[in-house]
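Look at the sequence and the structure below before reading on. The paragraphs that follow go through one topic at a time, from burial and charge pairs to confidence.

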Amino acid sequence: MATETAPQATESRLRAPEVTIVIPLLNEQATIEQLWEGIDGALAGAGIAAEVIFVDDGSTDGTMGLLEGLHERDPRVRVVSFKRNFGQHPAMHAGIVRARGRIVVTMDGDLQNQPSDIPRLVDAIRDGADVASGKRLARKDAFVLRRVPSRVINRLLARLTGAPISDFGCSFNAYRRDAIEPVLHRIGRQKFTKALVCSTGASVTEVELEHAAREDDSRYGLVKLVKLALHVLTGFWAQMVQWVGAVLAVGGILTSVVVAIWGSVFWIRHDNFPGPLFLGGLVLFVLGLQGFIMAVLGEYLARIQRDVEQRPIYYIDRELG
């Protein structure tokens with residue numbers, strides 16, 4: 001049963017292309033042919049020697065059958081198939097760890113990323129950048145449910161990593177392989193590959209990209225976005241619990257003092273202090289903060305459990321190429 005370890009054949013390394021394109025897929029049979037035509041045309045037009053690694057993340061439609069056909073028609077196409085759905089980031093790891101090119105391009109397979117932009121990302125790496133960060137222009141996603149949370153998360157990551165990037169959520173990026181290897185063991189276990197690489201001090205260039213609307217509904221609902229925000233905080237801010245605890249202590253003490261002073265003044269002036277009402281409000285405030293801390297601690301405990309058990313982040317069913 002194959003897991004995270006990638007084959008390291010000497011012969012394949014000697015024939016390594018300059019660029020490896022990694023594309024996770026989940027039930028994308030409707031877009032695969034069009035996506036491949038766009039990639040093939042972009043590579044041919046720019047004269048880029050590349051391989052394309054499609055990672056089937058447990059699709060239940062005809063995705064794998066189409067990928068088998070692509071592999072048979074074109075030796076540049078390699079395929080990794082998971083036993084079940086493990087998620088986009090483990091799928092990204094499976095492709096990156098098998099990449100042979102010195103430049104690694106990552107992109108989605110839903111046609112929101114335009115294959116014609118691949119040469120621009122590759123050129124940015126050739127010009128000396130460690131990371132060519134895609135920046136989506138005129139995003140077509142829903143404003144409230146996607147773009148607003150994205151802005152909040154982008155600002156958090158920019159502050160926590162110190163990287164001058166405005167769009168951490170864009171998965172259409174290019175990396176110098178030397179820059180990505182130091183954090184390869186964390187990719188898949190930690191979301192936001194771009195933030196991980198940039199946190200090492202890698203040089204970054206932002207590349208403006210076209211962005212198309214997704215034909216079906218987004219797979220990121222409100223619950224997933226909240227979990228993603230918690231993942232960012234716990235993954236890139238090691239001192240979060242200490243800070244939250246300090247804010248809770250200071251806030252709780254100050255609130256208690258203010259309520260005590262206000263209640264005393266009201267009691268003296270009106271001879272009637274509404275204690276139960278304000279006590280209930282204070283209790284609800286403290287319970288809300290405690291709930292937030294429990295959510296944060298739960299994320300940390302889940303991470304500790306995964307690391308202690310050393311469970312593989314995915315299991316591979318088949319590999320082609």
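A residue counts as buried when its relative accessible area is under 20%, as exposed when that value is over 50%, and as partly exposed in between. The model shown here is predicted, and the terms just given are applied to its atoms. R177 has a relative accessibility of 10%, so this residue is buried. Its partner is E181: the side chains of R177 and E181 meet in a salt bridge, with 3.0 Å from N to O. E181 has a relative accessibility of 39% and is therefore partly exposed. Salt bridges with shared partners also tie E18, R102, D123 and R126 together into one network.

Side chains of opposite charge can pair when their charged atoms come close. How many salt bridges does the model hold? The count comes to 14. Another of these pairs is R318 with E68, where the closest N and O atoms are 2.3 Å apart. This pair links distant parts of the chain, since R318 belongs to strand 8 (residues 316-320) and E68 to helix 3 (residues 63-73), with their positions 250 residues apart in the sequence. R318 counts as partly exposed because its relative accessibility is 35%. E68, at 23%, is partly exposed by the rule as well.

Strand 8 takes part in a further pair, formed by E319 and R98. Here the closest N and O atoms are 3.0 Å apart. Distant parts of the chain are linked again: E319 is in strand 8, while R98 sits in the loop between helix 4 (88-96) and strand 4, and the two are 221 residues apart. Is E319 buried or partly exposed? Its relative accessibility is 30%, so E319 is partly exposed. R98 has a relative accessible area of 3%, which means that R98 is buried.

R98 also leads to R78. The backbone oxygen of R98 lies 3.0 Å from a polar atom of the R78 side chain. R78 is part of strand 3, which covers residues 77-82. With a relative accessibility of 10%, R78 is buried because that value is under 20%. What does R78 touch, once its neighbours within four places in sequence are left aside? R78 is in contact with E51, V52, I53, F54, R98, R100, L320 and G321.

A second buried residue to look at is N154, in helix 6 (residues 143-161). Its relative accessibility is 9%, so N154 meets the rule for burial. Leaving aside neighbours within four places in sequence, N154 is in contact with S166, D167, F168 and G169. For one of these, D167, the separation can be given: the C-alpha atoms of N154 and D167 are 6.0 Å apart, although 13 residues separate the two along the chain.

The surface can be examined in the same way. Which residues form a nonpolar patch there? The patch consists of I253, V257, I261 and V265, which together have about 350 Å² of accessible area. I253 lies in helix 10, made up of residues 240-270. The relative accessible area of I253 is 56%, and I253 therefore counts as exposed.

Next come two residues picked out by their backbone angles. N27 is not a glycine, yet its phi is positive, at about 55°. N27 is found in the loop between strand 1 (19-25) and helix 2 (32-46). Its relative accessibility of 31% makes N27 partly exposed. L111, another residue other than glycine, also has a positive phi, near 70°. The place of L111 is in the loop between strand 4 (103-106) and helix 5 (118-126). Is L111 buried or exposed? Its relative accessible area is 15%, so L111 is buried.

The last topic is the confidence of the prediction. The mean pLDDT of the protein is 81, and 74% of its residues reach 70 or more. Over residues 9-14, pLDDT stays under 50. For residues 9-14 the model has 5 contacts beyond four places in sequence.

Technical notes
Residues are numbered from 1 along each chain as its sequence is written. This is a predicted model: local features need pLDDT of at least 70, side-chain atom pairs count only at pLDDT 80 or more; totals for chains, interfaces and linings use all residues. Side-chain values use heavy atoms; hydrogens and water are left out. Helices (H or I, at least four residues) and strands (E, at least two) are DSSP runs, numbered from the N terminus. Buried means under 20% relative accessible area, exposed over 50%, partly exposed in between (1.4 Å probe, protein chains only). A polar contact is a pair of N or O atoms within 3.5 Å; within protein, one must be able to donate a hydrogen and the other to accept it, and residues adjacent in sequence count only if both atoms are side-chain atoms. Contact means heavy atoms within 4.5 Å. Patches are made of residues with over 30% relative accessible area and no salt bridge: like charges are joined within 9 Å, nonpolar side chains (Val, Leu, Ile, Met, Phe, Trp, Tyr) within 5 Å. Accessible areas come from the Shrake-Rupley method with a 1.4 Å probe; for residues, only the protein chains shown count as cover. A salt bridge is a side-chain nitrogen of Lys or Arg within 4 Å of a carboxyl oxygen of Asp or Glu. pLDDT is the predictor's confidence in each residue, from 0 to 100.
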